[in-house]
Amino acid sequence: MNLSPRQDAHAFLADYRRAHPDDVLVIDEPVSAEEGVTGLIYELIARGRDEMLVCNKVDGVETPVVSNVFASRRRISRILGVEPGGLHEAYQSRASRPLAPRVVNAGPVTEIESSDVDLSAVPMLRHFASDRAPYITSGIVIAEDPDTGVGNMSYHRSMVHSPTELATSLHSRGDLWRLLAKYAALGRPMPVAMVIGGHPLFMLAASARVPSDVDERAVAGGLFGEPLEVVRTPRHGIGVPVWADFVLEGTIDPQQHAEEGPFGEFSGYSSHRSTNNVLRVETVLRRRDAMLVDVEGGNTADHLNLARIPRESELAEKLKDRFPDVTAVHYPTSGTHFHCYVALRPSRPGQARQVLLGLLGWDPYVKTAVAVDADVDVTSDADVLWALATHFQPHRDVFVVDGLPGSPLDPSSDPSGTTSRMGLDATRGPDFAGDRIVVSESARTNARRLLGTTGGAQ
């Protein structure tokens, strides 16, 4: 059976390096597995850079390491074949047209199969000095509903607990957590497969916000524009991408627990909060030419974009459908997942507040939402803060709702993740007195000419 190389992360990397060599940084010198990749990424951030990172020699890791894939919205847009302005629409339109997976008999991930499990041979990195251990940060856990067979994919940080066991956390309390409760009611462990390494579109699909009766593997098919090619795992028959680099097949027993964490989470803090579950690995599948596709932890754009592109895309569609005057939605890196900016053309009093209520009701992670006028650039923290400074009056333009479920990884929430939410209306309003200053295009053009000829532009 012929396989589609369009779903191969290795082919993607080679094609992208040829097409955009300036957007891929290749390091051939040895890099430490102890924060070495993290150090490179944080230094790139400090220099205002966001290239995809390829480290060919990581000490103690037998495979090349690819990281920072999702750090650039421009790069994610290129992967989807659109300009950055069309990112949300492209993602949402394709994700909303799921295609059922296509089962194949064999492929790259079945090249090496072993039931003699030794997790020390699976590549992992320590991302932060405060991390308890080296972690798998890109592990996508796939499980299937025991009643319907519908699959679920989700990310779960994992560290080695024993040679055959991973300690992991299901802290999002999402669909996988609910599936585990179903298996607990049946009195048996939940079969799972952890996928490590895949095409960026497959990885984006694992972050999709879809109902529990929608299989994220079908969402991946929608993003590819062709069915995701899967092979059944040898022991439990779970459909996993045939182009994956590694697959760890096993079970999660609802009754078994092990300590894990702290781990550097998206909040920018090391999180000790965990459900402390254990994934017992029974079979390891891998490619002969495997590489480690790593997701940089912490509050990096690589980590945040992977989750927020699907989140932004869904919210942008919902808000624009319900409120046609909404023009843009953005989750800033500075706010991790807890802030959101929305731009609109207000046509009546109270409209911005209504939009903010919709946003805060739809996304349980957002604690602070700011509404601005359509001519304010929501991708710029500075522009949004300027709008707050000049348009916003605290006594009339803020509201707070408390006692709502949020993220347990928010260090300011209570242990269950209960939080409050705030809406800030930084639109000008009907009685606003002021006109924006304007620099004419002719003045800008002349300035560009002068700076270009004097060498002042760097």
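Here a biologist and a modeller talk through a predicted model, asking what lies behind the words used for its parts.

Biologist: Let's start with a single residue. Why is Val141 called buried?

Modeller: Buried means under 20% relative accessible area. Val141 has a relative accessibility of 2%, so it counts as buried. You will find Val141 in strand β6, residues 140-144.

Biologist: What does Val141 touch, leaving out residues up to four places away in sequence?

Modeller: Contact means heavy atoms within 4.5 Å. By that rule Val141 touches Asn152, Met153, Ser154, His156, Leu176, Val192, Ala193 and Met194. There is also a link over a long stretch of chain: Val141 and Leu248 are 107 residues apart along the chain, and their C-alpha atoms are separated by 9.1 Å.

Biologist: Now to the nonpolar cores. Which residues of the largest core touch the most other members?

Modeller: Ile140, Phe202, Met203 and Leu204 do, in a core of 50 residues. Helix α6, residues 200-205, gives the largest share of this core, with five residues. A separate core has 36 residues, including Ile41, Ile136, Phe246 and Val284.

Biologist: Which residues is Met203 in contact with, beyond its neighbours within four places in sequence?

Modeller: Met203 contacts Phe70, Ser138, Ile140, Tyr155, Gly198, Val293, Val295 and Leu306. Met203 also appears in the lining of the largest cavity.

Biologist: What makes that space a cavity and not a pocket?

Modeller: In a cavity a 1.4 Å probe fits but cannot get out, whereas a pocket is open. The search of the whole structure finds three cavities of 30 Å³ or more. The largest cavity has a volume of about 60 Å³, so it passes the 30 Å³ cut-off of that search; the second largest, at about 50 Å³, is also listed.

Biologist: Which residues line the largest cavity, and how do they divide by class?

Modeller: Its lining is made of Ala9, Phe12, Met52, Val66, Val69, Gly198, Pro200, Met203, Met291 and Val293. Nine of these are nonpolar, one is polar and none is charged. Glycine counts as polar in this scheme, so Gly198 is the polar one. Helices α1 (9-19) and α6 each supply at least two residues of this lining.

Biologist: What lines the second largest cavity?

Modeller: Gly198 appears there too, along with Gln7, His199, Phe202, Phe224, Leu228, Glu229, Pro241, Val242, Trp243 and Ala244. By class, the lining has seven nonpolar, three polar and one charged residue. Glu counts as charged, so Glu229 is the charged one.

Biologist: And the second largest pocket: what is its volume, and which residues lie closest to its centre?

Modeller: The second largest pocket holds about 300 Å³ of space. Of its 16 lining residues, Gly350, Asp425, Thr427, Gly429 and Pro430 are the closest to the centre. Helices α9 (351-362) and α11 (394-397) give two or more residues each, and α9 provides the largest share, three residues. The lining divides into four nonpolar, five polar and seven charged residues.

Biologist: What makes a positive phi or a cis bond worth pointing out?

Modeller: Most residues other than glycine have a negative phi, and most peptide bonds are trans, so the exceptions stand out. Asn68 is not a glycine, yet its phi is positive, about 65 degrees. Asn68 sits in the loop between β3 and α3 (73-80). Thr336, also not a glycine, has a positive phi of about 45 degrees and lies in the loop between β18 (326-330) and β19 (339-344). As for the cis bond, the peptide bond from Gly261 to Pro262 is cis, with omega near 10 degrees. Pro262 belongs to the loop between β13 (246-257) and β14 (263-264).

Biologist: Are Asn68 and Thr336 buried or exposed?

Modeller: The cut-off for buried is under 20%. Asn68 has a relative accessible area of 3%, so it is buried. Thr336, at 6%, is therefore buried as well.

Biologist: Which residues of helix α2 are buried, and what covers them?

Modeller: In α2, residues 36-46, the buried ones are Gly36, Val37, Thr38, Ile41 and Leu44. Their cover includes β1 (24-27), β2 (52-55) and β3 (65-67).

Notes: Residues are numbered from 1 along each chain as its sequence is written. This is a predicted model: local features need pLDDT of at least 70, side-chain atom pairs count only at pLDDT 80 or more; totals for chains, interfaces and linings use all residues. Side-chain values use heavy atoms; hydrogens and water are left out. A nonpolar core is a set of buried Ala, Val, Leu, Ile, Met, Phe, Trp, Tyr and Cys residues joined through side-chain atoms within 4.5 Å. Buried means under 20% relative accessible area, exposed over 50%, partly exposed in between (1.4 Å probe, protein chains only). Helices (H or I, at least four residues) and strands (E, at least two) are DSSP runs, numbered from the N terminus. On a 1 Å grid over the protein atoms alone, a cavity is a set of points where a 1.4 Å probe fits but cannot get out, and a pocket is an open set with protein on both sides within 12 Å along at least five of seven lines; lining residues have an atom within 4 Å of a point. Grid points are joined across faces, edges and corners, and a volume is the space filled by probe spheres set on the points.
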